[in-house]
Amino acid sequence: MSGGGDEEETTLEYTPTWVVAVVCTVIVAISLSVERLLHFLGKYLKKKNQKPLFQALQKVKEELMLLGFISLLLTVFQNMLTKFCVPKEVMSHLLPCKPPEENHVTHNYGLWQQAIGRHLLSSESSSSCSNGKVPLLSLEALHHLHIFIFVLAIVHVTFCVLTVVFGGAKIRQWKHWEDSIAKDDYNPEEALKKKVTHVHEHAFIKDHFLGIGKNSALLSWVHSFFKQFYASVTKSDYLTLRLGFIMTHCRGNPKFNFHKYMVRALEDDFKRVVGISWYLWIFVVVFLLLNVDGWHTYFWIAFIPFILLLAVGMKLEHVISQLAHEVAEKHVAIEGELVVQPSDDHFWFHRPQIVLFLIHIILFQNSFEIAFFFWILFTYGFDSCIMGKVGYIIPRLIIGVIIQVLCSYSTLPLYAIVTQMGTHFKKAIFDEHVQAGLLGWAQKARKGLRTPAGNPNRGTTIQLGKVARSSDNAKEEIGPTGTAAAAAAAAAAAAAAAAAAAAVGENK
């Protein structure tokens with residue numbers, strides 16, 4: 001120790017065996033309890049047939065394993081890092097806090113050594129650097145960095161779970177709309193023939209085409225921006241988007257439970273959001289680098305997820321408006337119900353998946369802000385220089401709460417329904433056993449296409465727009481450039497197969 005009268009740290013050789021045994025027992029008991037808890041939670045999710053949530057739990061286990069590996073690396077290399085010496089001038093740049101006076105540094109240096117003795121299991125706490133040099137990273141700083149990484153991962157997983165739970169509660173409120181359709185014995189095919197709908201009098205068109213934004217693209221975006229804060233999804237929105245999805249993707253199954261499919265798709269996406277991807281760790285490193293005194297970096301980065309969230313919500317609302325504009329600009333009256341046409345063209349770069357990517361970044365950045373605040377609060381105290389001024393702290397916390405609430409009750413429900421308006425449906429349209437069957441069928445089909453011409457196997461295989469019919473006497477291929485009748489037959493067969501699979505999934 002640095003102090004002359006301080007006793008040296010006691011090694012394991014001179015530690016009572018009962019102390020070692022008790023500490024080991026407590027650590028092992030806590031670890032096994034957490035492991036058993038996760039195990040039983042996984043069994044419960046599998047029993048309830050919640051495979052997407054079970055996969056999300058597996059993702060959490062992966063994050064815990066990664067944290068354990070990071071912890072191991074920090075422990076193994078801590079002596080190497082603390083013995084790596086650099087000139088003092090190198091350590092005087094890009095500091096998160098202004099360095100105190102020299103005499104104050106000497107006073108706190110002894111306190112720092114005492115803190116190391118209290119909190120760290122270190123075999124050597126004195127500096128081995130020569131005059132004019134300092135360690136690259138102190139043991140206490142390494143210990144605090146270790147804690148921050150752990151807190152960040154836990155806060156991110158917790159916030160993702162809360163977002164999906166509250167967002168799911170909002171989506172479940174739409175279930176009575178789906179149930180009312182089922183009770184009314186609603187048939188989309190009959191609805192298209194029964195009556196004539198005056199397009200501009202339809203509630204969906206009135207909400208998104210008439211009034212603000214009808215004749216101005218800018219006003220349309222403004223209307224979409226503000227609509228995400230109130231009545232982001234109305235009953236007319238739900239019924240119209242639902243009918244458009246069914247008439248496009250499963251016309252042969254008019255009783256398709258759109259709400260159930262939407263929830264299943266959201267659960268399937270959740271497992272991608274709960275993890276911390278490699279590009280998010282790059283984000284952590286960059287903003288740890290930019291945490292320089294006087295820059296107020298963590299105040300400014302709080303606006304990044306906030307602005308992204310508003311942009312995503314506005315875009316999702318604007319997709320609904322575009323669907324309304326497409327119908328209203330082409331028709332004055334139509335026979336039957338109003339039907340919108342889902343398309344990837346309404347989304348950024350024609351890719352609905354980008355929305356999920358942005359939501360992942362938003363949730364992580366917000367988690368980073370909150371985790372950093374609580375880490376500083378419990379590690380250095382509210383009055384720490386690294387915490388910043390109160391005028392910067394309060395807005396950060398308010399923005400974090402707004403992001404969490406808005407994402408849960410508006411943006412996530414919007415994402416759940418609007419991203420179904422893409423050109424393609426998601427695999428969640430099929431139940432798990434149907435998905436497995438289709439994957440097995442596709443693998444057998446690919447193997448069938450690779451078999452020699454003399455293969456006696458019979459059957460029909462479909463692969464990426466090509467239909468191949470094989471028999472003992474002849475083999476006929478119909479590709480995208482074939483006759484119109486053949487192409488129509490192939491498309492009808494594929495649509496019938498999808499509708500039948502969907503019907504099987506719903507009847508399960």
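## Free cysteines

C407 is buried, at 0% relative accessibility. This residue belongs to a predicted model. C407 takes part in no disulfide. The nearest cysteine sulfur is that of C160, and it sits 8.9 Å away. A disulfide needs the two sulfur atoms within 2.5 Å.

C24 has another setting. Its relative accessibility is 45%, so C24 counts as partly exposed.

## The disulfide

How many disulfides does a search of the whole structure find? The search finds 1. The partners are C97 and C385, with their sulfur atoms 1.8 Å apart. The torsion about this S-S bond is about 110°, so the disulfide is right-handed.

Where do the two partners lie? C97 is in the loop between β1 (85-87) and α4 (102-119). C385 is in the loop between α15 and α16 (390-418). The two positions are 288 residues apart in sequence, so the pair ties together distant parts of the sequence. C97 has 18% relative accessibility and counts as buried, because the cut-off for buried is under 20%.

## The cavity

The structure holds 1 cavity of 30 Å³ or more. The volume of the largest cavity is about 80 Å³. Its lining is made up of C160, T163, V164, L266, D269, F270, V273, L356, I359, L363, L412 and Y415. C160 thus appears in this lining, and its sulfur is also the nearest cysteine sulfur to C407.

Which elements give two or more residues to the lining? They are α5 (139-172), α11 (258-273), α15 and α16. α11 gives the most, with 4 residues. By class, the lining has 10 nonpolar, 1 polar and 1 charged residues. The charged one is D269, because Asp counts as charged. The polar one is T163, because Thr is outside both the nonpolar and the charged lists.

## N366 in helix α15

N366 is found in helix α15, which covers residues 353-379. Is N366 buried or exposed? N366 is buried, with a relative accessible area of 2%. That value falls under the 20% cut-off, so the buried label applies.

Leaving out residues up to four places away in sequence, N366 touches F159, P305, G400, I403 and Q404. Helix α15 also gives two or more residues to the lining of the largest cavity. The loop that holds C385 lies between α15 and α16.

Key: Residues numbered from 1 in each chain as written. Predicted model: local features only at pLDDT ≥ 70, side-chain atom pairs only at ≥ 80, totals over all residues. Heavy atoms only, no water. Buried < 20%, exposed > 50% of the residue type's maximum accessible area, 1.4 Å probe, protein only. Contact = heavy atoms within 4.5 Å. 1 Å grid on protein atoms, 1.4 Å probe; cavity = no way out; pocket = protein on both sides within 12 Å on 5 of 7 lines; lining within 4 Å. Points joined across faces, edges and corners; volume = space filled by probe spheres on them.
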